[in-house]
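Student: Hi! I have a structure open here and would like to talk it through with you. Can we start with one residue and work outwards?

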Amino acid sequence: MIKITEVLRKKGLKVTPQRIAIYAMLSNTKSHPSAEEIYKALMPTNPTISLATVYKTLDIFKTTGLVHELSVGNGRSNYDANVLVHPHIVCTKCGKIYDFEIQGLNSLRNQVANQTDFIVESEQLTFYGTCPDCQKN
Ligand code: ZN
Ligand code: MN
């Protein structure tokens with residue numbers, strides 16, 4: 001169990017109940033929620049939380065490297081507390097975003113750097129398709 005208070009303190013962040021709630025929610029899900037989904041999930045237990053606070057907090061978390069913001073082309077941002085580089089696959093029917101493991105990401109990054117002369121700072125690798133559940137329908 002991660003001590004969320006310590007995680008926040010190590011990043012130099014002031015610890016507030018709302019920050020704890022948001023980070024706890026994100027680190028306990030694999031669903032890559034949007035800000036609105038986080039807000040709706042927390043509202044019942046945190047009645048004073050506002051959508052603006054969620055957005056502001058996510059922004060701070062993003063800047064301090066606590067969460068990753070994903071842009072998978074669905075018109076909103078999705079958030080991931082797993083900040084280790086990993087690819088995603090998105091269901092074009094239900095919109096769910098899944099993690100998966102892949103070999104050779106470092107080699108891919110090196111190839112990009114070599115071919116473009118860029119210093120590569122980040123990457124997002126996203127695949128699209130139909131998930132097993134949606135294939136049944
Ligand atoms: Zn699906
Ligand atoms: Mn992920």
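Tutor: Gladly. Asn78 counts as buried because its relative accessibility is 2%, under the 20% cut-off. Keep in mind that this is a predicted model.

Student: Where is the place of Asn78?

Tutor: Asn78 sits in strand β2.

Student: And what is Asn78 in contact with, leaving aside its neighbours within four places in sequence?

Tutor: Asn78 touches His32, Pro33 and Ser34, then His68, Glu69, Leu70 and Val72, and also Ile97. Separately, its side chain makes a polar contact of 3.0 Å with the side chain of Asn74.

Student: His32 caught my eye there. Where is His32 found?

Tutor: His32 is in the loop between α2 and α3. It is buried, since its relative accessible area of 2% falls under 20%. The backbone is worth a look too: phi of His32 is near 55°, a positive value in a residue other than glycine.

Student: Which other residue other than glycine has a positive phi, near 60°?

Tutor: Asp117, with phi near 60°. Asp117 lies in the loop between α5 (105-116) and β5. Asp117 counts as exposed because its relative accessibility is 71%, over the 50% cut-off.

Student: Good to know. Why flag these values at all?

Tutor: Most residues other than glycine have a negative phi.

Student: OK, new topic: the metal. Which residues are the protein donors of the manganese ion (ligand 2)?

Tutor: The manganese ion (ligand 2) has His32, His86 and His88 as donors through NE2, and Asp80 and Asp99 through OD, lying 2.0 to 2.2 Å from the ion.

Student: How are those donor residues spaced in sequence?

Tutor: The pattern is H-x47-D-x5-H-x1-H-x10-D. His32 and His86 link distant parts of the chain, being 54 residues apart. His32 belongs to the loop between α2 (17-27) and α3 (35-42), while His86 belongs to the loop between β2 (78-80) and β3 (88-91).

Student: Is His86 buried or exposed?

Tutor: His86 is buried, because a relative accessible area of 13% is under 20%.

Student: What does the side chain of His86 make polar contacts with?

Tutor: There is a polar contact of 2.9 Å with the side chain of Asp80, and one of 3.0 Å with the side chain of His88. Leaving aside neighbours within four places in sequence, His86 is in contact with His32, Asp80, Asp99, Phe100 and Leu105.

Student: His88 and Asp99 both came up as donors. What is the bridge partner of His88 in β4?

Tutor: Asp99 is the bridge partner of His88. β3 and β4 (residues 97-99) pair in the antiparallel sense, over three bridges. The hairpin they form has five residues between the strands, and there Gly95 takes a positive phi near 85°.

Student: And how many bridges join β3 to β5?

Tutor: Four, with β3 and β5 (residues 126-129) running parallel. One pair to look at is Val90 with its bridge partner Tyr128 in β5.

Student: Let's switch to the helices. Which of them supply at least two residues of the largest nonpolar core?

Tutor: That core has 21 residues, and Ile22, Tyr23, Ile38, Leu58, Phe61 and Leu66 touch the most other members. At least two residues each come from α1 (4-10), α2, α3 and α4 (51-63). α2 gives the most, with six residues.

Student: Tell me about Tyr23. What is it in contact with beyond its neighbours within four places in sequence?

Tutor: Tyr23 is in contact with Ile4, Val7, Phe61, Leu66, Val67 and Ala81.

Student: Now something on the outside. Is Thr48 buried or exposed?

Tutor: Thr48 is exposed, because its relative accessible area of 68% is over 50%. Thr48 is found in the loop between α3 and α4. Its side chain is joined to that of Gln18 by a polar contact of 3.4 Å, although Thr48 and Gln18 are 30 residues apart in sequence. From C-alpha to C-alpha, Thr48 and Gln18 are 8.9 Å apart.

Student: Last one: how many disulfides does a search of the whole structure find?

Tutor: Zero. As for cysteines, Cys94 counts as partly exposed at 37% relative accessibility, whereas Cys131 counts as buried at 6%.

Conventions. Residues are numbered from 1 along each chain as its sequence is written. Chains are lettered from A and ligands numbered from 1 in the order in which they are written. This is a predicted model: local features need pLDDT of at least 70, side-chain atom pairs count only at pLDDT 80 or more; totals for chains, interfaces and linings use all residues. Side-chain values use heavy atoms; hydrogens and water are left out. A disulfide is a pair of cysteine sulfur atoms within 2.5 Å. Buried means under 20% relative accessible area, exposed over 50%, partly exposed in between (1.4 Å probe, protein chains only). Donors are N, O and S atoms within 2.8 Å of the metal (3.2 Å for Na, K and Ca); water is not among the atoms, so sites may look incomplete. A nonpolar core is a set of buried Ala, Val, Leu, Ile, Met, Phe, Trp, Tyr and Cys residues joined through side-chain atoms within 4.5 Å. Contact means heavy atoms within 4.5 Å. Two strands pair if DSSP finds at least two bridges between them. A polar contact is a pair of N or O atoms within 3.5 Å; within protein, one must be able to donate a hydrogen and the other to accept it, and residues adjacent in sequence count only if both atoms are side-chain atoms.
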